[in-house]
Amino acid sequence: MLEVVQLRPADARVVPWKNGRGVTRELALWPEGASLERGDFDWRLSSAPVNEAGPFSVFPGVERILVVTAGADLVLSHGREAPRARLRRLEPYRFAGDWPTTAELPHGPITDFNVMLRAGRARADVQGLALGARRARESLAPGHAFVHVVAARCSARVTGEEEPFELGAGSSLWIRGLRGGEELDLAGRAAGCELLIVALGPPD
């Protein structure tokens, strides 16, 4: 059954980083009743400020997708596992959670949006969208969809819903039970409207 849940910034659960160097705002986690601490989740969505350079926590068996949502950019080093990568705003970057990862902040603190996927149990695609004051229509795949407003405001209406949801910066819309073929209508309410759209489902 299709279920649409609007989440405000105050709904997020604040969780200390595994390495103790900061805190994360947990936005959504699946399945219901799972937790990061037990490691029994299929996927997890969160947002966190990164205020200083240093190592990331290690998450064996987890694939990660990171997006810079505030600040200029972030540079990640993975030792011998992969080349150094520069992450610019709204550009998703995928890497393995068990890689040794160290962050550099060439232009100061940033905020990121983080997707964690348990290997073999979930897949995700992340799209950064500078919507502005325009309208857009997105086709939704089976599983879950998650819309997170990075900046400004927008409205979002899902197939079958009569009224649109009004979303401010930091708010999200979690759409569960998608069968595929549904559509999401988006309308930016200001020139600076920016969104992330996450499609989540079973592994390919």
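Which residue in β10 does Pro55 stand opposite? Select Pro55 and look across the sheet: the residue facing it is Thr102 in β10. Keep in mind on this tour that you are looking at a predicted model.

**Stop 1: the open sheet**

Stay where you are and add the strand β10, residues 102–104. Two bridges tie β10 to β5, and the two strands run antiparallel. Now bring in β7 and β8 as well, and you have an open sheet of four strands, ordered β5-β10-β7-β8, with antiparallel pairing. Click on the two ends of that order. β5 and β8 (85–88) are the edge strands with a single partner each, so each has one side without a neighbour in the sheet. As background while you look, strands of a sheet pair through backbone hydrogen bonds.

**Stop 2: the largest cavity**

Next, go looking for enclosed space. Searching the whole structure turns up two cavities of 30 Å³ or more. The largest holds about 270 Å³ of space. Select Trp17, Thr24, Ser57, Arg64 and Asn114: out of 23 lining residues, these come closest to the centre of that cavity.

Where does the lining come from? β2 (13–16), β4 (43–50), β5 (54–55) and β11 (110–118) each provide at least two of its residues. So you meet β5 again here, this time as part of a cavity wall. Colour β4 if you want to see the biggest giver, as this strand contributes four residues to the lining. Colouring by class instead, you'll find eleven nonpolar residues in the lining, along with six polar and six charged ones.

**Stop 3: the second largest cavity**

Now select Leu7, Arg8, Pro9, Asp11, Ala12, Glu26, Leu27, Gly170 and Ser172, which line the second largest cavity. Its volume is about 40 Å³. By class, this lining splits into four nonpolar, two polar and three charged residues.

**Stop 4: strand β14 and its partners**

For the last stop, select residues 143–151, which make up β14. Is this strand mostly covered or mostly open? Covered: eight of its nine residues are buried.

Add residues 172–178 and you'll see β17, which pairs with β14 in the antiparallel sense over five bridges. To find a matching pair here, pick Gly143, which stands opposite Leu178 in β17.

Then add residues 194–201 for β19, which also pairs with β14 in the antiparallel sense, over seven bridges. Click on His144 this time, and look for its bridge partner in β19, Leu200.

Conventions
Residues are numbered from 1 along each chain as its sequence is written. This is a predicted model: local features need pLDDT of at least 70, side-chain atom pairs count only at pLDDT 80 or more; totals for chains, interfaces and linings use all residues. Side-chain values use heavy atoms; hydrogens and water are left out. On a 1 Å grid over the protein atoms alone, a cavity is a set of points where a 1.4 Å probe fits but cannot get out, and a pocket is an open set with protein on both sides within 12 Å along at least five of seven lines; lining residues have an atom within 4 Å of a point. Grid points are joined across faces, edges and corners, and a volume is the space filled by probe spheres set on the points. Ala, Val, Leu, Ile, Met, Phe, Trp, Tyr, Cys and Pro count as nonpolar, Asp, Glu, Lys and Arg as charged, and the others, Gly among them, as polar. Two strands pair if DSSP finds at least two bridges between them. Buried means under 20% relative accessible area, exposed over 50%, partly exposed in between (1.4 Å probe, protein chains only).
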